[in-house]
Amino acid sequence: MQTKWRNGDITQPILNPEPNTVSYSQSSLIHLVGPSDCTLHGFVHGGVTMKLMDEVAGIVAARHCKTNIVTASVDAINFHDKIRKGCVITISGRMTFTSNKSMEIEVLVDADPVVDNSQERYRAASAFFTYVSLSQDGRSLPVPQLVPETEDEKKRFEEGKGRYLQMKAKRQGQAEPQP
């Protein structure tokens, strides 16, 4: 835990945070991995992890926008290590970047093998989710701009901006007719 605090992976809740800040919209979900989450060999199905990650990202996006939101894309989900039945997993999400019409949310999955004292808590999965805000009739709405407060948040914002610009350039390149 001490290492994670130093790395900024775990953020303490702030009472009454300012709107449009990372601390305002961050969210976590804690889940006990049971038999229905697992394969016959006792490991969590990837789809179960993906669903929980999308739920947390959706909560972060909804808290930030206060509107209807939908998943626009998911950057590669990285499964770093297997999760066994009986683990308690913590899925944490935080806003990293906003453009005019989309927002990027980083989601981290940490597993705590509570019944196995020989293994410590570990990072099991991570991904970046992109969400858009929609009106009641399904039209795209502007996204409130994220206000990064700490140096780490400002660094993550710039990194998110880089990913956003890369993806935008890639989409525009694909939109052009190929000879």
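Biologist: Before we turn to the aromatic residues of this predicted model, what does buried mean here?

Modeller: Buried means under 20% relative accessible area, exposed means over 50%, and partly exposed covers what lies in between. Both phenylalanine 97 and phenylalanine 157 are buried in that sense.

Biologist: What makes phenylalanine 97 count as buried?

Modeller: Its relative accessibility is 6%, and the cut-off is under 20%; phenylalanine 97 therefore counts as buried.

Biologist: Why is tyrosine 164 called partly exposed?

Modeller: Tyrosine 164 has a relative accessibility of 25%. Buried would require under 20% and exposed over 50%, so at 25% tyrosine 164 counts as partly exposed.

Biologist: How many aromatic pairs does the structure hold?

Modeller: The structure holds two aromatic pairs.

Biologist: Why is the pair of phenylalanine 97 and phenylalanine 157 called tilted?

Modeller: Two values are needed, since a pair of aromatic rings is described by the distance of the centres and the angle of the planes. The centres of phenylalanine 97 and phenylalanine 157 are 4.9 Å apart, and rings pair if their centres lie within 6.5 Å. Their planes stand at 55°; under 30 degrees would count as stacked and over 60 as edge-to-face, so the pair is tilted.

Biologist: Why is this pair said to tie together parts that are apart in sequence?

Modeller: Phenylalanine 97 lies in strand E4 and phenylalanine 157 in helix H4 (residues 151–175), so the pair ties together parts that are 60 residues apart in sequence.

Biologist: What makes phenylalanine 97 and tyrosine 164 a tilted pair?

Modeller: The distance is 5.4 Å centre to centre, with 40° between the planes. The limits are 6.5 Å for pairing, and 30 and 60 degrees on either side of the tilted class; the pair is tilted. Tyrosine 164 also lies in helix H4, and phenylalanine 97 in strand E4, so this pair ties together parts that are 67 residues apart in sequence. Ring pairs link Phe97, Phe157 and Tyr164 into a cluster.

Biologist: Why does serine 99 count as buried?

Modeller: Serine 99 is found in the loop between E4 and E5. Its relative accessibility is 7%, and buried means under 20%, so serine 99 counts as buried. Leaving aside neighbours within four places in sequence, serine 99 is in contact with Val143, Gln145 and Tyr164.

Biologist: How do you know that E4 and E5 are paired, and which way do they run?

Modeller: Strands pair if there are at least two bridges between them; ten bridges join strand E4 (residues 88–98) to E5, and the two run antiparallel. One bridge partnership is that of arginine 94 with glutamate 106 in E5. A hairpin of four residues joins E4 to E5.

Biologist: What joins E5 to strand E6?

Modeller: Nine bridges join E5 to E6 (residues 122–134), and these strands run antiparallel. Alanine 111 stands opposite tyrosine 122 in E6.

Biologist: What makes strand E5 mostly covered?

Modeller: Nine of the ten residues of E5 (residues 103–112) are buried.

Biologist: Which residues have the most contacts inside the largest nonpolar core?

Modeller: They are Ile83, Ile91, Met103 and Ile105, in a core of 33 residues. Helix H3 (46–65), E4, E5 and E6 each give two or more residues to this core, and H3 provides the largest share, seven residues. Outside its neighbours within four places in sequence, isoleucine 105 has contacts that include Ala57, Val60, Gly93 and Phe128.

Biologist: How do you know that arginine 163 sits over a ring?

Modeller: Arginine 163 lies over the face of phenylalanine 128, at 3.8 Å from the ring centre, and the distance limit is 6 Å.

Methods:
Residues numbered from 1 in each chain as written. Predicted model: local features only at pLDDT ≥ 70, side-chain atom pairs only at ≥ 80, totals over all residues. Heavy atoms only, no water. Buried < 20%, exposed > 50% of the residue type's maximum accessible area, 1.4 Å probe, protein only. Core = buried A, V, L, I, M, F, W, Y, C linked by side-chain atoms within 4.5 Å. Contact = heavy atoms within 4.5 Å. Phe/Tyr/Trp six-rings, centres within 6.5 Å; stacked < 30°, edge-to-face > 60°. Lys NZ or Arg CZ within 6 Å of the ring centre and 35° of its normal.
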